[in-house]
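This briefing has been prepared for reading alongside the sequence and the three-dimensional structure. Please keep both in view while working through the points.

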Amino acid sequence: MLVHVGQAREPRRNLQYGIETRSWGFPEWQPEYRSTRPDFAVLATGVGPRVRLDVWKTNKITLLLFEVRENFYEAHAPHWPDEEAANAIKYPVRFGIEPLAVLHDIRLDGDGPLGMTASDAIRVSGTQRGRGMVVDLDPQPLLDAAGIAVNWFEQRTVALNRTPGFTAEQVKPPTRPKKPSGGAGFILDPKKRKAIELHAEDMAVAHYEREGWTVVRLGKPYDLHCTRGRQERRVEVKGTTGAATSVDLTINEVEHARDPQNTVDLFVVSDIKVELRAGAYTTSGGRVLHLRDWAPADADLRPRSFEYRLPIA
């Protein structure tokens, strides 16, 4: 999936929010979206697309390489800042993306890792308001350019812990707007975040109670303690308005799930709808991903922060 992202304020804000929430979307369905399942998405930015192909291919561009972790789905909740500002869904066709690497100064001619077909697809995307262009492309040159050690032809998978990843902060434009723009920011209101978490937890509680479990809400060291006769399950719950692509875990949550003495489930609710009414957030809907007997593997974990030990004074 190849997408051109413009340099105007709104596309840049949506880009940063999409990176932060591991989601991307389009205004309308295209026939190819329903018949394909992309492995990767490339979001390209930094070069204006409204030029002839012979001019376009003389430029270099910045590529944001993602793995597609959730296929296209119909969204039911506003997610991006401009959607929340309008309280309307502008990009109902969504999919989940996992950031792998940023590639700077990538050639757009036939000798670059994209090749001319994909390069021109990015140009065309930019002339069609960022429409996603599905292209049959060998990803190996892009993976090699990103320094990701994988043989895609043989392995057909990318270990997350072998990719550098990137954050929204790393792709901010060089200058910031003098005035804050409208709509939601990248850091959610704590009350909104709490409403999302509680909604996901309520859905998890209802699910386990329907299965005959007695559920106790703990919060720490894990969210739900479930018992049914002599059976016990410990449940971590995560909620998001975006796609079910990845979730943030603490080291304690990872170690707890990996402890062979514990039986742990992961219950993720995505695409949660949030509305502000009379000063309070109300939530509804959501799509469930339920992983039973969950133990996160090293290949699926990537550190986003480090503890640094200071030198002895």
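The points below concern one strand and two individual residues.

The structure is a predicted model. Strand 9 (residues 264-270) is largely enclosed by the rest of the structure, because 7 of its 7 residues are buried. Ile-106 and Thr-163 also count as buried.

**Strand 9: burial**

- Both faces of strand 9 are covered.
- One side of strand 9 presents Val-264, Leu-266, Val-268 and Ser-270, and these residues are all buried.
- The other side of strand 9 carries Asp-265, Phe-267 and Val-269, which are likewise all buried.

**Strand 9: pairing and connection**

- Strand 8 (residues 231-239) pairs with strand 9 in the parallel sense, over 6 bridges.
- Within this pairing, Glu-236 has Leu-266 of strand 9 as its bridge partner.
- Strand 9 also pairs with strand 12 (residues 287-291), here in the antiparallel sense and over 5 bridges.
- Val-269 has Val-288 of strand 12 as its bridge partner.
- Leu-266 and Val-269 therefore belong to opposite sides of strand 9, and both are buried.
- A right-handed β-α-β unit is made by strand 8, helix 9 (residues 251-258) and strand 9.

**Ile-106**

- Ile-106 is part of strand 5, which spans residues 93-107.
- The relative accessibility of Ile-106 is 9%; this residue counts as buried because the value falls under the 20% cut-off.
- Leaving aside residues up to four places away in sequence, Ile-106 touches Asn-59, Lys-60, Ile-61, Leu-63 and Pro-113.
- Between Ile-106 and Ser-35 there are 30 Å in space, C-alpha to C-alpha, and the two are 71 residues apart in sequence.

**Thr-163**

- Thr-163 is located in the loop between helix 7 (152-155) and helix 8 (190-210).
- With a relative accessible area of 6%, Thr-163 is under the 20% cut-off and is therefore buried.
- The side chain of Thr-163 makes a polar contact of 2.5 Å with the side chain of Arg-302.
- A polar atom of the Thr-163 side chain also lies 2.8 Å from the backbone oxygen of Leu-160.
- Apart from residues up to four places away in sequence, Thr-163 touches Leu-100, Ile-148, Val-158 and Arg-302.
- Arg-302 thus appears both among the residues that Thr-163 touches and as its side-chain polar partner.

Definitions and conventions. Residues numbered from 1 in each chain as written. Predicted model: local features only at pLDDT ≥ 70, side-chain atom pairs only at ≥ 80, totals over all residues. Heavy atoms only, no water. Helix = DSSP H or I, 4+ residues; strand = E, 2+ residues; numbered from the N terminus. Buried < 20%, exposed > 50% of the residue type's maximum accessible area, 1.4 Å probe, protein only. Contact = heavy atoms within 4.5 Å. Pairing = 2+ DSSP bridges. Right-handed = clockwise from strand over helix to strand, strands pointing away. Polar contact = N/O pair within 3.5 Å; in protein donor to acceptor, adjacent residues only side chain to side chain.
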